[in-house]
Amino acid sequence: METRNYGKHIQNQIMEWSVKRPVTTQEIAASLVDAFGIDIENAKKITNVNMKRLADKGELVRVQKGLYGKVRETPFGILKPRPDEIMTAFLLYDDGNTVGYISGPTLLNALGLCTQMPAHRHIITNRYRYKLPENSHIRVYKPIEKVNDENVPYLQTLEAFMATELYPVDTDKPDEALRGMLRERNINNELLIWYARQYCSYKTLVKTIDIVLEGVAH
C-alpha cells in the first residue's frame, strides 16, 4: 500500500473506534505498523501529524500529547467529550480490560453513601504513573495489587470499607449499604477476607469480617 493511504487508514481506524474509548497515538501507530510494515517510530510521526489534523477539524478532542477522545454525533449536533471524561476512561480501561476503579469519596458518592460531590475524581489505577493534564480534576493512586477484571470487585469493595473510615458518610446505616453492595456484586466472602488479610490493615480486616459475618447472621 502506498504512503498516501496512511491518512486514510488512520481515518478508517477512528471511524470504527468506540466513542467511549480514548484514542491513543500508540494504538493507532501500532495499527499502521501491522497494516504497512513500517517501523514504529515512523508510524508514530505519521500518526501524530494525522491525529492533530483530525483534532483541528473537530473530529477529535485532544487531551494532551498522545491522548484524544472521539466526538459523538447526536440528533442535537456534535457532542464533544470533556477532557476529564476521556482521561477517566483511559485510567479505568485498556482495550476493554479493567485497569482501574474509582475510589475514596468518589466511590462513596457513587454508592450513595455520601451526597457531597468531591471536587476531584479519585481513581486507583495501573496507570498511576501517567502524567495528568494541567487543570485536571482527577487524583490517581497506586493499586495494592495490579488491577484486572477478576480482582476489581474485591479491591474496590475493600476500598469502600476503608473510605467509610476516612471520609464523611451521610447514610444512617453505612454497613447495611455495604452489605447490599456485597450481594449485588456476588462477592465471595472467603475470598474477600483473604484479600483483606493480604493487603489491608488490621482495622480494615476486622471491619471486613464484621460486615461479612453480620450479613451471614441475617
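In strand β3 of this predicted model, the residue that serves as bridge partner of arginine 62 is tyrosine 68. This pairing belongs to a set of four bridges that join β2 to β3, the latter covering residues 67-70, and the two strands run antiparallel. The hairpin that β2 and β3 form has two residues between the strands, and within this hairpin glycine 66 takes a positive phi near 90°. On its other pairing, β3 is matched with β1 in the antiparallel sense over two bridges, and here threonine 24 stands opposite leucine 67 of β3. Taken together, the three strands form an open sheet with the order β1-β3-β2 and antiparallel pairing. The edges of this sheet are β1 (23-24) and β2 (60-64), each of which pairs on one side only.

The side chains of β3 follow a pattern expected of such an element, since in a regular strand the side chains alternate between the two faces of the sheet. Leu67 and Gly69 point one way from β3, whereas Tyr68 and Lys70 point the other way, and all of these residues are buried.

Within the neighbouring strand β2 lies valine 63, a residue whose relative accessible area of 12% falls under the 20% cut-off, and which is therefore classed as buried. When residues up to four places away in sequence are not counted, valine 63 touches Tyr68, Pro83, Ile86, Met87 and Pro133. The C-alpha atoms of valine 63 and glutamate 85 are separated by 9.8 Å, although the two residues are 22 residues apart along the chain.

Glutamate 85 also takes part in the largest pocket, being one of the residues that lie nearest its centre, together with Val19, Lys20, Lys70 and Pro81. The volume of this pocket is about 270 Å³, and its lining is made up of 14 residues. By character, the lining divides into six nonpolar residues, one polar residue and seven charged residues. Strand β3 and helix α4 (83-92) each supply at least two residues of the lining, and α4 gives the most, with three residues. Lysine 70 thus appears in two settings, as a buried residue of β3 and as one of the residues nearest the centre of the largest pocket.

A further set of paired strands is found later in the chain. Strand β8 (residues 100-102) pairs with β9 in the antiparallel sense over three bridges, and in this pairing isoleucine 102 stands opposite isoleucine 123. Strand β9 is in turn joined by four bridges to β10 (residues 138-141), with these two strands running parallel; histidine 122 has arginine 139 in β10 as its bridge partner. Because four of the five residues of β9 (residues 121-125) are buried, this strand is largely enclosed by the rest of the structure.

Attention may next be given to the nonpolar interior. In soluble globular proteins, nonpolar side chains tend to be buried together. The largest nonpolar core of this model has 26 residues, and those with the most contacts inside it are Tyr101, Leu158, Phe161, Leu178, Leu182 and Leu192. The elements that give two or more residues to this core are the helices α5 (104-110), α6 (152-166), α7 (174-184), α8 (189-199) and α9 (202-217), with α6 providing the largest share, seven residues. Leaving aside neighbours within four places in sequence, tyrosine 101 is in contact with Leu92, His122, Ile123, Ile124, Val147, Val152, Leu155, Gln156 and Glu159. A second core, separate from this one, comprises 16 residues, among them Ile10, Ala29, Ile46 and Tyr68. Tyr68 of this second core is also the bridge partner of arginine 62 and one of the residues touched by valine 63.

At the level of the whole chain, nine helices and 10 strands are present. The C-alpha atoms fill a box of roughly 70 × 35 × 30 Å, taken along the principal axes. Of the 218 residues of the protein chain, 43% count as buried. Among contacts between residues at least 6 apart in sequence, 54% join residues that are at least 24 apart.

Conventions: Residues numbered from 1 in each chain as written. Predicted model: local features only at pLDDT ≥ 70, side-chain atom pairs only at ≥ 80, totals over all residues. Heavy atoms only, no water. Pairing = 2+ DSSP bridges. Core = buried A, V, L, I, M, F, W, Y, C linked by side-chain atoms within 4.5 Å. Buried < 20%, exposed > 50% of the residue type's maximum accessible area, 1.4 Å probe, protein only. Contact = heavy atoms within 4.5 Å. 1 Å grid on protein atoms, 1.4 Å probe; cavity = no way out; pocket = protein on both sides within 12 Å on 5 of 7 lines; lining within 4 Å. Points joined across faces, edges and corners; volume = space filled by probe spheres on them. Nonpolar A, V, L, I, M, F, W, Y, C, P; charged D, E, K, R; others polar.
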